[in-house]
Amino acid sequence: MPSSEEIYSKVQETLIDALGVDDDEVTPEATLVGDLGAESIDFLDIVFRLEKTFDVKIPRGELFPENLAAANSDFVKDGQVTEAGLAELREKMPHADIDQLAEDPQVENIQNLFTVQMICNFISNKLNS
């Protein structure tokens, strides 16, 4: 079982390779889209590389749930993620910091959930299960 430092180090290497960023840019709080410039196609590459690096299977949509905002009209109202939406995110993404989104629940802030630390949390949970 790798330590959290080992997981972070391998996730950092994976993101450097996948996104062509410098190692000092890949900090635990760095967001994949805003800080590291990831695009939707990069998410597939990141999942593939993580599966290879950690020898795990990551079903589609498990690490990066798709269409969270569009999934159910009860989850979004007037550009804001509703309480029901936040509850759904907590269920689908126990590895993400949903409390941060809850402070400013704008739909466009959902992408800020996808941080380096979120990936580390996910991998740690995956390896422990």
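For these entries I take a patch to be made of residues with over 30% relative accessible area and no salt bridge, with like charges joined within 9 Å. I am working from a predicted model throughout.

**Entry 1: the negative patch**

I looked for charged patches on the surface and noted a negative one formed by Asp-22, Asp-23, Asp-24, Glu-25, Glu-29 and Asp-35. I then placed one of its members, Asp-22, in the loop between helix H1 (4-19) and helix H2 (40-54). The relative accessible area of Asp-22 is 48%, so I recorded this residue as partly exposed, and that value passes the patch cut-off of over 30%.

**Entry 2: the chain as a whole**

I went through the secondary structure of the protein chain and listed 5 helices and 2 strands, which follow the pattern α-α-β-β-α-α-α when read along the sequence. The radius of gyration came out at 14 Å, close to the 14 Å that the globule rule gives for 129 residues, so I noted the chain as being as compact as a globular protein of that length. I also wrote down the span of the C-alpha trace along its principal axes, about 40 × 30 × 25 Å, and the share of buried residues, which is 39% of the 129 residues.

**Entry 3: salt bridges**

Side chains of opposite charge can pair when their charged atoms come close. I searched the whole structure for such pairs and have 5 salt bridges on the page, of which I looked up the following in detail.

Lys-57 and Glu-51 meet through their side chains at 3.3 Å, N to O. What struck me was the setting of the two partners: Lys-57 counts as exposed because its relative accessibility is 61%, whereas Glu-51 has 17% and therefore counts as buried.

Lys-126 and Glu-62 form another salt bridge, at 3.2 Å from N to O. This pair links distant parts of the chain, since Lys-126 belongs to helix H5 (residues 116-128) while Glu-62 sits in the loop between H2 and strand S1 (76-77), 64 residues apart. I checked the cover of Glu-62 too, and with a relative accessible area of 29% this residue is partly exposed.

Asp-99 forms a salt bridge with Arg-90, and I noted 2.6 Å between their closest N and O atoms. Here I found Asp-99 partly exposed, at 48% relative accessible area, and Arg-90 likewise counted as partly exposed, at 36%. Both values are over 30%, but a patch takes residues with no salt bridge, so I would not look for either partner in one.

Note on methods:
Residues numbered from 1 in each chain as written. Predicted model: local features only at pLDDT ≥ 70, side-chain atom pairs only at ≥ 80, totals over all residues. Heavy atoms only, no water. Patch = residues over 30% accessible without salt bridge, like charges linked within 9 Å, V, L, I, M, F, W, Y side chains within 5 Å. Areas by Shrake-Rupley, 256 points an atom, 1.4 Å probe, with all protein chains shown as cover. Salt bridge = Lys/Arg side-chain N within 4 Å of Asp/Glu carboxyl O. Lys, Arg positive; Asp, Glu negative; His and termini not counted. Charge placed at Lys NZ, Arg CZ, Asp CG, Glu CD. Helix = DSSP H or I, 4+ residues; strand = E, 2+ residues; numbered from the N terminus. Buried < 20%, exposed > 50% of the residue type's maximum accessible area, 1.4 Å probe, protein only. Rg over C-alpha atoms; globule rule 2.2 N^0.38 Å.
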